Amino acid sequence: MSQNDRFQALVNTAIGLEEKHVCVVVHPCDEVSLSSAVQAGKLNLFTPVLVGPEERIRQVAREHDLDIGGLQIINTEHSHASADAAVAEVQAGRATLMMKGSLHSDELLHSVLCYNGGLRTERRISHVFVMDVPRYDKLLFITDGAINIFPTLCEKADIIRNAIDLHLALGLDTPRVAILSAVEQINEKMQSTIDAAALCKMADRGQIKGGILDGPLAMDNAISPEAAAIKGIQSPVAGHAQILVVPDLEAGNMLVKNLTFLSGADAAGIVLGARVPIILTSRADSERTRLASCAVAAVYADSLVKNRAIGK
C-alpha cells in the first residue's frame, strides 16, 4: 500500500488504537482466512483467536508457511461448532470482533442471529462495502449488496443507520447519503422511489440521525455534480454522495462488481448491526482489501466499546 492510499489511512488508524481488540476468527481452515488473520495480528490491527478444528488449522499453517505459534486456538469439531463457539466468546466478553473463515456466510450468520444466545441487537444486520474508487475523491460506502435481498422500508432505515454509524466511527465527516433508484422523481410504479421519499421524511423527523439524506437519486445524479446540475437538482447530497443506498441486493452487488472490475475500485467489507462487527473476506479479495476490512472493523469495534462504556 502507498502512503497516500485511502485504505492505508484506515489501517494506520486501526494500528494507532490505544486498545487492541480481540477478534475471533471463525473456522480459518484455508489459506485466505488464516493468512488474513495472521497478517492482521502481525500489523497489530487486532489480536486474533482462531476457532476451529485445531489440527486442520495447524495443517493449513504448515502447508502455507504461516506462523501461528503465538495464537490461541479454540478447538472445535466442525464449522457449525466453530460458529457457536465464536459467538460464545463474544457473549462472554472475551472478543469484540468476529471474522469469517472458510465456512459459508449463512452458517455463521445463523449462529449470530440465533434468538437464544446469538448476537442480535435492536438493529437489522446489514453489509457495507467501503470502496476506494480511483476517479472518486472520497471513500464510497455502498449498502446493502450482500445480506438483505429485498429490504422493507423499516429495514432500509436500519441499513442507513448502520452505514451512518460506521462513517462517523471511522472519523469521517457527516455523511451525505444518496438513496438510489433509476430516476430522481417519485414514481408510484417504482417502489424504490417511494421508499426513498419516506426515508428522507424519516430523517426530517429525526427517525434517522447523523447524516444528510436525499433521494430518490439516479446513480449519475448521486456522484456527478455535472449530472445533478443538468437535471436542476439542488441538494447537498447530489453529486457528492458518500453513502449509496441501493434498492436491493442485486442492484448493490452488480454496482460493486461493476466498480471493481470495470473501474479498478477496491472494496473492503463489513457486517454491522450485531453486537460486534463481522469481517467477511473472500478468496477473490486482495491482501490490501482484506487488511482494509480488518482495519475498518477494528476501528468500528473500538467505537462501539467506547460508546457502551459511556452509555450511548
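Me: What phi does Gly264 take, just after helix 10?

Reply: Gly264 has a positive phi of about 70°. Keep in mind that this is a predicted model, where local features need pLDDT of at least 70, side-chain atom pairs count only at pLDDT 80 or more, and totals for chains, interfaces and linings use all residues. Residues are numbered from 1 along each chain as its sequence is written, and side-chain values use heavy atoms, leaving out hydrogens and water.

Me: How do you know that the span of helix 10 agrees with its 15 residues?

Reply: Helices here are DSSP runs (H or I, at least four residues), numbered from the N terminus. The expected span is 1.5 Å times one less than the number of residues. For residues 249-263 that gives 21 Å, and the end C-alpha atoms are 20 Å apart, so the two agree.

Me: Why is Arg288 called buried or exposed?

Reply: Buried means under 20% relative accessible area, exposed over 50%, and partly exposed in between (1.4 Å probe, protein chains only). Arg288 has 17%, so Arg288 is buried. Its partner Asp266, at 23%, is therefore partly exposed.

Me: What makes Asp266 and Arg288 a salt bridge?

Reply: The rule asks for a side-chain nitrogen of Lys or Arg within 4 Å of a carboxyl oxygen of Asp or Glu. Asp266 and Arg288 meet at 2.0 Å, N to O. The pair links distant parts of the chain, Asp266 in strand 10 and Arg288 in helix 11 (residues 287-309), 22 residues apart. Through shared partners, Asp5, Arg6, Asp132, Asp266 and Arg288 form one salt-bridge network.

Definitions and conventions:
Helices (H or I, at least four residues) and strands (E, at least two) are DSSP runs, numbered from the N terminus.
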